[in-house]
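Let's take a friendly walk through a protein model, one topic at a time. Have the sequence and the 3D view ready as you read.

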Amino acid sequence: MAEVPEYWVFGYGSLCWNPGFEFKDSMVGYVEGFSRKFWQGNIAHRGTKEKPGRVATLVEDPQGFVWGKAFLLPDETAFRYLEMREVYLGGYQVHKVDVRSDGSDDCQRTVNATVYVATPDNGQWLGEAPVDELATQVAMCSGPAGHNAEYVILLARWERQHAPPHRVDLELNKLELLVLEQLQAIGVRPDDVLTTNNKPSFSSMVPEKKLRCLNI
């Protein structure tokens, strides 16, 4: 009898707190050899053609690691949904990575997962910029899925809740702080950039096995 394939996907951005699809299992974990950078532009969800937002991608970094969440999809249909969301709309490419859970070698869990990575040759690539410039852009952009600042704030809060304190993404935390300062400078409260569905307690950001609408 042929082995049934498993469709694991690793999310390091909005998939962490808003997967938008049904899944059979999930695991908070990290990948090694990468760092998270806000170098990818976004005009479909967190920005517009005139004012593209900034969203995360992974770049190779031998000393790096990135925390996120791996999801076991129920079937190939869900995988194709993600392919549309991340590849065709987002400008990402497909790669395979090993995702490891936190813990000692005896209890650590590892899954091989698909991950979506943006590269400089896609049409929405914005590239590297000083963190203060990133924060200014994030604070000024919004799109059909909501404000770009929401993306950064919720991702930073999610990681602080789930990653070990000594392994949080310091660059992400700095970007969040500067984005909050920029919002204050232009007279926008943080709650004003969070959608209604995301304003309640963050202790249950991603209910297990719940089908959500496409909103990243």
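## Buried cysteines

A residue counts as buried when its relative accessible area is under 20%. Keep in mind that the model you see is predicted. Cysteine 16 has a relative accessible area of 0%, so this residue is buried. Cysteine 141 comes out at 4%, and therefore is buried as well.

What about disulfides? A disulfide is a covalent bond between the sulfur atoms of two cysteines. To be counted here, a pair of cysteine sulfur atoms must lie within 2.5 Å. By this rule, the count is zero disulfides.

## The overall layout

The protein contains four helices and seven strands. Starting from the N terminus, you will meet them in the order β-β-β-α-β-β-α-β-β-α-α.

Of the 216 residues in the protein, 51% are buried. Now look at contacts with a separation of 6 or more: residues 24 or more positions apart account for 76% of them.

## Two helices that meet

Two packed helices are described by the angle between their axes and the distance between the axes. Try this on helix α3 (residues 148–162) and helix α4 (residues 170–185): their axes come within 9 Å and cross at roughly 135 degrees. An angle between 115 and 145 degrees counts as oblique, so α3 and α4 are oblique to each other. The crossing of α3 past α4 is left-handed.

Which residues take part? Among them are Ala149, Val152 and Ile153 in α3, which meet a set in α4 including Leu172, Asn173 and Leu175. The residues of this contact divide into 10 nonpolar, one polar and four charged.

Key
Residues are numbered from 1 along each chain as its sequence is written. This is a predicted model: local features need pLDDT of at least 70, side-chain atom pairs count only at pLDDT 80 or more; totals for chains, interfaces and linings use all residues. Side-chain values use heavy atoms; hydrogens and water are left out. Buried means under 20% relative accessible area, exposed over 50%, partly exposed in between (1.4 Å probe, protein chains only). Axes are lines fitted to C-alpha atoms, for helices over the stretch in contact, and angles run from 0 to 180 degrees between N-to-C directions. Helices (H or I, at least four residues) and strands (E, at least two) are DSSP runs, numbered from the N terminus. Angles under 35 degrees count as roughly parallel, over 145 as roughly antiparallel, 65 to 115 as roughly perpendicular and the rest as oblique. A crossing is left-handed if the near helix is turned anticlockwise from the far one by less than a right angle, and right-handed if clockwise. Contact means heavy atoms within 4.5 Å. Ala, Val, Leu, Ile, Met, Phe, Trp, Tyr, Cys and Pro count as nonpolar, Asp, Glu, Lys and Arg as charged, and the others, Gly among them, as polar.
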